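Hi,

Here is the structure I promised to pass on. Have a look at it first, and my notes follow underneath.

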Amino acid sequence: MEPPAPLTQDDRDLLHYETRLTRPVAAKAAEFCADGRLRHVIFSGQLSPHLLDALAGTADRIRLLSQTRAGQDFLIGLAPHKRAMLYFTQPSTRTFLSFMAACQILGITCNEVRDPSTSSETKGETRFDSIRMFSSYFDLIIMRSPIARLAECCAYLMNDLEASGSRSVPIINAGSGADEHPTQALLDIYTLQRTFNFENPKDSPGAGKLEELRKQHGFEGLERGLAGKTYGFCGDICRGRTVRSLAMLLAAYPGVRLVFITPDHPRLRMRDDLRDRLRERGVAVVELDSFEAAIDGRPAIEQIDALYMTRVQKEHNEPGDAESLAAIDFSQYRLSMALVSRMKRYAPILHPFPRDQHFGEIPHEIDNDPRAMYFRQARNGMWIRAALLAHVLGLDVAAAPPGLGARI
Amino acid sequence: MEPPAPLTQDDRDLLHYETRLTRPVAAKAAEFCADGRLRHVIFSGQLSPHLLDALAGTADRIRLLSQTRAGQDFLIGLAPHKRAMLYFTQPSTRTFLSFMAACQILGITCNEVRDPSTSSETKGETRFDSIRMFSSYFDLIIMRSPIARLAECCAYLMNDLEASGSRSVPIINAGSGADEHPTQALLDIYTLQRTFNFENPKDSPGAGKLEELRKQHGFEGLERGLAGKTYGFCGDICRGRTVRSLAMLLAAYPGVRLVFITPDHPRLRMRDDLRDRLRERGVAVVELDSFEAAIDGRPAIEQIDALYMTRVQKEHNEPGDAESLAAIDFSQYRLSMALVSRMKRYAPILHPFPRDQHFGEIPHEIDNDPRAMYFRQARNGMWIRAALLAHVLGLDVAAAPPGLGARI
Amino acid sequence: MEPPAPLTQDDRDLLHYETRLTRPVAAKAAEFCADGRLRHVIFSGQLSPHLLDALAGTADRIRLLSQTRAGQDFLIGLAPHKRAMLYFTQPSTRTFLSFMAACQILGITCNEVRDPSTSSETKGETRFDSIRMFSSYFDLIIMRSPIARLAECCAYLMNDLEASGSRSVPIINAGSGADEHPTQALLDIYTLQRTFNFENPKDSPGAGKLEELRKQHGFEGLERGLAGKTYGFCGDICRGRTVRSLAMLLAAYPGVRLVFITPDHPRLRMRDDLRDRLRERGVAVVELDSFEAAIDGRPAIEQIDALYMTRVQKEHNEPGDAESLAAIDFSQYRLSMALVSRMKRYAPILHPFPRDQHFGEIPHEIDNDPRAMYFRQARNGMWIRAALLAHVLGLDVAAAPPGLGARI
């Protein structure tokens, strides 16, 4: 037997933070705050309903300011002196561009490192030396990595540097392995907040008129807000980190019910740890294998208040999965016009995108239905990320003179 | 025999616009206008002499403003609130950088997607979903694609979105397959406009003095402007989309004569459709196989008013071409100092660049001749693209206070 | 025997400048100046102690201005009308990002070409045509190339263009082959200037108090400034171009002594030409094979005033080197806490970075020692490059209104 390879400095760097990584979320979250704000954004557990409301308010303000030239000038004047590093060693176009646009809305200059093979790492540099280099030149690091806890470790590194009087900058996690993608959860929540505000017809499929929905369409008990609603998740529940993060955020709202619709296959169905964590919080969890399976005696598709579709992440299959997955009748987990027509008239359809044209979980003919909210959801991501950046950098969006925005 | 592969959503998306694609240019052009301006820039047929004059005027104004710091500040203040996406899935450095610089002159922030393999398309996303993503985050899409009509289809997509009340942004075609490259034709025309203005000695090889050319050098009938002149094109006439586009634009000026100098080989000589279209418009078309072949009884090289050289595009050879092309004596299609010395003293030499050092269509010793206009042509491309962007975005370059520019 | 391949235009372009390349540095340096400033920055021999002092002063001013928002706004207002091209055909992250940040501090917009395979060069374009293209669109070219004298030739090209009345822009050499890397030497010197100012405790390991060092710690003769000190260089002396450049710059200061600590191997020890040039200038040169070897009767590690560590550049090994290099006991050329503890308390440890975690020339436990100056050195690189850009572009940093910066 060969002896194990000796540890590299990269290995030792991660081990150094091992004891901090294994603490409960609550214990860790406090370390990622400073001055009453988030200092680093690492996991969705940092996002309380209170903070989510504040960020949504900021995002709403930014989008209104963006409707006038004077408002746009105010926004790009907020942080032209800030330089961001987008360090994306895991391929991503959508999240990357969304963050770029979010930075640019606030005037922040963007820099990027995307291909690790062109970087100093090929000369033997450790990841942490690379991160310290970025923190030397830039004011903010937005990072996406295939290594599960790397962003969290980088936040600890920054905190340690600060404690020793060295330069330190905020870390924003833009996706770390199969683990966390907090800003995706953030934009999903923001989209639901907009929808269930029932204010803007474009954001709320049911014409945006709560009274009408209550009186003319039979939804007497319908209330504003995220609480008390039934959320459906369909597709790859096991490997979709966006499902995990969004479910955990929704769990913080009273009276929600979460319905998971997925084939009963170990690579797709809900993982035990998520079910346990949701039940610990007292959330009603329902697991179904079809849109037609019943909730409260009626087919699920007719009962849910919002539907979150996902792509089956074939690229994360393990050896041996192909055969058992091929036996599944996936047609049951694709949306169709017939299914959509049975959904509640105000229920939005979300998808973290990209959708998969070959799998076809959302056929394109659905795009024109007012319930199809996934394109607005993408643009919401830009606004809420801009709001998050403003929050982290302490930019005062509310300081805009009255009258600058379109409808302020 | 294998059954044909089923259509993908990408295939269906293109088929969806099939009937619009096959309409005559005039019918289509109207759809790419809005508010009396170009909304999308897709093919050179959209560029009338009237519009070409207006754009040249804007470009002249921009370059004058760029000569003072106050003028530059005015320009970068025009659109700092705009974010452009340069979506270039076909390799290009020159066109790409020229558009980057053009955007930056106006303060526009640039973003890019160049390598399709890092994009969401690898996750099964359709091209149109990608384009809608870009239109969610950015205010303008400048695209270059190997797929012939993709830019045109994207413009239809944007129009359809607008019609349905969704967000929609302008599309600018920066080269689509072997098909169209309208902004290259635009910069070629702008270079000819500058040259035949006879105003600036740097732009007009013959010292820029029309009177002198008429009286001292025997060009009595010489007039300002593009009309009535003889334009020579040499090299790869068949596959050079820049030749096609420029020839069609020149055809709109009265009295022009177009001379094509190329080996008589099916991969190089003029395609029938171009000859037909030019003759339909009443343009005099002359096809020669050497610079020495006669026009009006004298060698062509001595008769042309402007010479457009091109690179033989070996990368577009088809199987079997190599042998028949190897039999051609290409030395006849390379410029030399001896040939240049016989050209009219005011006749500019243009080339869309890059030139090919191995083929040698323009040897470097010619660079110092005042007729060598190809480097200024490149810089002209930056100015006229800035003018086009200003036009499409409705930026008022003429609003600059008097005195800001160098010679306004 | 095969006949030699015919010369390409690229070959001829380089040969064209052959006679200029082989002149002495002093003769060349004059051509790279204009208006009393550096016009092109090509080799470290252009950097006199007088100029180094001026640049350090500018860098100090920029970093102070950067500490307030008003100061930052002043800085980004200096050159928002300038567009830089970073043309890096040799992989580099650190130098690249440092220049990006330096540009952005001054408001300069950055553009990049990094992968030559996507460029027009694949279509047969010469390097000089590419450079002229860049100079058409941009105001400044910062270039890094594996070709030793390319940057210098590009500077000649620009000078020739200017002489002929054509557009011409400054060239900044960001590393050319194994040859020159003048801005690295610049940041090394700036770091030593800061350290030996004894003003800021963070820059000067010995608490920054010269009097204390003299009186309480036995360094009676210690003076401010770079003159009269002993500089140690350890590692890859032969192939480290940063060592060569820094050594030559230090040679211009009176009374310096340079100590080179490296295995006696032809691929690592000092090259004869460097030794000759240093001795010509009257510099004391000492070559040792260990930190323990004696200077003035005491181990070198205890005698040096500053230690410059380097990475062994395995990627530049030649065939056959592997075996003879494997026989060397490299543990002697790695720093350790034990060695650091014996260094003078004020002696900084520098490293051009990246360091190599596998070779381990600087183990990470040393990072917390106040003498570890390599992370500040990296950030110093950003400030001094910004100062250099301001110098080359003629930006007046000193024109900032009093009171803008933190401590001005």
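Before the notes, one convention: helices (H or I, at least four residues) and strands (E, at least two) are DSSP runs, numbered from the N terminus. This is a predicted model, in which local features need pLDDT of at least 70 and side-chain atom pairs count only at pLDDT 80 or more, while totals for chains, interfaces and linings use all residues. Residues are numbered from 1 along each chain as its sequence is written, chains are lettered from A and ligands numbered from 1 in the order in which they are written, and side-chain values use heavy atoms, with hydrogens and water left out.

How the copies relate: chain B superposes on chain A after a rotation of 120° with 0.1 Å of shift along the axis, at an RMSD of 0.1 Å (a least-squares fit on the C-alpha atoms of residues with pLDDT of at least 70 in both). That is what a three-fold axis does. In chain B, Thr109(B) has the C-alpha nearest the axis, 5.4 Å from it.

Now to a sheet in chain C. It is open, with 5 strands in the order 9-8-7-12-13 and parallel pairing; two strands pair if DSSP finds at least two bridges between them. Strand 9 (284-288) and strand 13 (349-350) are at the edges with a single partner strand each, so one side of each has no neighbour in the sheet. Further in, strand 7 (residues 230-234) and strand 8 (residues 257-261) run parallel and are joined by 5 bridges. Gly232(C) is opposite Val259(C) of strand 8.

Two helices of chain C lie across these strands. Helix 11 (residues 241-250) lies across strand 7, strand 8 and strand 12 (306-309), at about 170° to strand 7. Helix 12 (residues 272-280) lies across strand 8 and strand 9, at about 145° to strand 9. Axes here are lines fitted to C-alpha atoms, for helices over the stretch in contact, with angles from 0 to 180 degrees between N-to-C directions; contact means heavy atoms within 4.5 Å.

Finally, the cavities, meaning sets of points on a 1 Å grid over the protein atoms alone where a 1.4 Å probe fits but cannot get out. There are 5 of 30 Å³ or more in the whole structure, and the largest has a volume of about 90 Å³ (the space filled by probe spheres set on the points, which are joined across faces, edges and corners). It is lined by 13 residues, and those closest to its centre are Arg94(A), Gln184(A), Leu187(A), Pro352(A) and Ala378(A); lining residues have an atom within 4 Å of a point. Helix 16 of chain A gives the largest share of that lining, 4 residues.

Cheers

Key:
On a 1 Å grid over the protein atoms alone, a cavity is a set of points where a 1.4 Å probe fits but cannot get out, and a pocket is an open set with protein on both sides within 12 Å along at least five of seven lines; lining residues have an atom within 4 Å of a point.
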